[in-house]
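Student: I should be grateful for a close look at one part of this structure, namely a pair of packed helices. Please describe how they are arranged and then place them in their surroundings.

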Amino acid sequence: MPHPIVILRRVSKVYPRGVVALREVDLEIGRGEFVAIVGPSGSGKSTLLHLVGGLDRPSSGEIRVGGMALNGQKNLTLFRRRTVGFVFQSHHLIPVLTALENVELPMVALRMPQDVRRRRAAHLLARVGLAHRMTHLPGDLSGGESQRVAVARALANDPALLLADEPTGELDSESGRAVVGLLEELNREGRTVVIVTHNLQVAEAATREVTLRDGSVVGDRRKVAFRA
Amino acid sequence: MVLRNLLRRKVRTTLTVAAVALSIGATVALLGISTGLVRQVAAVVSESGSELTVVQRIPKGLTFGYVGTLPEPMVGELAATEGVARVSPVLFIPGALTRDVVFLVYGVEPGGLEMRRARLLTGRTLRDGDGPAVILGTRAAQGMGKGVGDNLELAGRTLPIVGIYRTGVNLEDGGAMMGLRGAQEIFGAQGRVSLIKVKAADPIRVQALRGAIERRYPEASALTSEEFAADRLNLEAAVQAGWAVSLIAILLSVFAVANTVAMSVLERAREIGILQAVGWGRGRIVALFLGESLVLSAVGGVVGLGLGLGALRLLSETYLTLPLPAAVTPTLLGGALALALAVGALGGCLPSWRAARLDPVQAIRQL
């Protein structure tokens, strides 16, 4: 695969008390792919996502994302700020901030001027179909709406890589389909999307399916030919 | 975001603000009173136009608070000393008991240096040959509900009140003045005085005069008004006691702030994880929680300042057994606010630091 955006070489993660979450995983993800990482609970899916997103560090092996070797970085904050956008199972919006302000959060870290932040946040919320809910607090939003705000937040700093960890896990099927549909659109626009899911129907939306079991890659299926 | 987060837990925020407010209020009140005491006692001895106050030297083994007496013949001897322009003896009776109240009695020479500062409001001043008559300070008169023509019961004697005066010094306005002879007789202090005020002929040569007096009278000390206040009336101990109580109150409020911020960090661990995930650095997370801590303490400081000033006003205007003077200075006000911010910074620094060091994965997974 030429110029992959994500490269994992013999990556392992062992937690304290000897729990092996990942065992010497080799994986490459190309720019613009839509990859679903599937597998039973405890297979290491979320761990893999956290390592790729710079939220955690491997016990051994090498990880390169967007050309940057994560192993050598003392502080991964800048990497997370500029390169990845996260969507979690529970939307994790800040309850005292409006939808607009939640979307602004990543841009605050970039020290973007407030008026620029506001305009971009408004644009992103419109992009996810929530222009009419900008001033609402998370408590006033449905589960699906909250998750779409989370998607908008993940896009705030225009990341090369969008990582979603069970984004439909807490949603009803209709809301879940809406969120997955949004991720598909973003992928069609050229964004690389990696989604962790145990829901096979959600995995169907992806163009590539990587299966993990007991911390190892046991399957890697491309549904369509990938052209980088 | 800081304000909104504080308002999420209104009760906890209010209690923490109250803790800070009480500690700052107590500090303002205690230090205001102790500073006021120092100032007013210094004013008592400085505003009578004398540069030195001669008192009995503190005997070895005794410390602050000792008030001795001097032999009355020393008054005439000092008046005749080279370099002395005028002398004025005072018999100072603290804690004189009446049926009504405890207050201070000054036995003075009618027309002496001490009388100059007593501005007569009603009645007449003391005169030579008056007999057992008193003039009452305006605060004492107000508190006792007495006026010219009434009597004052003092140490078992009935004394007519011939005038009401005001000096502007709480200690004196909360007491009474009477002729020196009468005071000596009533309190069994014939031939003794508490202190002798000395006005120097040449204010520039006060130190030389001081040395001459102390050499001639080894049993006496010739003090400036500030020295007198600090050495003789236990005021340094009062100030230190004020600081000690304030320090305890401040430490308690630091713990209150630290506890509030720590609980907030615990409850918002998942939010912290999200902030880290979206690229917030440690410094920004510290600033968030420290900002909440500082806002808490700033609000507490302002409220506490109000409480402390209110307490000072109440104490200085209400006639208690001993009128408490209060000094509200810009230093006190600015210092109180700065102290409040310091409470916030100290209380919030450790929990804020810990918030920034949370493992993002662990934090996000927290239920």
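Tutor: In this predicted model, helices H3(A) and H5(A) are roughly parallel to each other, because angles under 35 degrees count as roughly parallel and these two pack at an angle of about 30°. Two packed helices are described by the angle between their axes and the distance between the axes. For H3(A) and H5(A), the axes lie 7 Å apart, and the crossing is right-handed. H5(A) covers residues 143-154 of chain A, while H3(A) covers residues 99-109.

The residues that meet can be named on either side. H3(A) contributes A:Ala99, A:Asn102, A:Val103, A:Leu105 and A:Pro106, and H5(A) contributes A:Val149, A:Ala152 and A:Arg153. Sorted by class, this contact has six nonpolar residues, one polar residue and one charged residue.

H3(A) also takes part in the contact between the chains. There, 17 residues of chain A are in contact with 17 residues of chain B. On the side of chain A, the elements that give two or more residues are H3(A) and helix H2 (77-83). That side has nine nonpolar, four polar and four charged residues.

As for the surroundings, chain A has seven helices and ten strands. Its radius of gyration is 17 Å, close to the 17 Å that the globule rule gives for 228 residues, so chain A is as compact as a globular protein of that length. Of these 228 residues, 46% are buried. Among contacts in chain A between residues at least 6 apart in sequence, 69% join residues at least 24 apart.

Methods. Residues are numbered from 1 along each chain as its sequence is written. Chains are lettered from A and ligands numbered from 1 in the order in which they are written. This is a predicted model: local features need pLDDT of at least 70, side-chain atom pairs count only at pLDDT 80 or more; totals for chains, interfaces and linings use all residues. Two residues are in contact if their C-beta atoms, placed from the backbone, lie within 7 Å. Helices (H or I, at least four residues) and strands (E, at least two) are DSSP runs, numbered from the N terminus. Ala, Val, Leu, Ile, Met, Phe, Trp, Tyr, Cys and Pro count as nonpolar, Asp, Glu, Lys and Arg as charged, and the others, Gly among them, as polar. Axes are lines fitted to C-alpha atoms, for helices over the stretch in contact, and angles run from 0 to 180 degrees between N-to-C directions. Angles under 35 degrees count as roughly parallel, over 145 as roughly antiparallel, 65 to 115 as roughly perpendicular and the rest as oblique. A crossing is left-handed if the near helix is turned anticlockwise from the far one by less than a right angle, and right-handed if clockwise. The radius of gyration is taken over C-alpha atoms; the globule rule is 2.2 Å times the number of residues to the power 0.38. A residue is buried if 20 or more other C-beta atoms lie within 10 Å of its own, exposed if 12 or fewer, and partly exposed in between; C-beta atoms are placed from the backbone.
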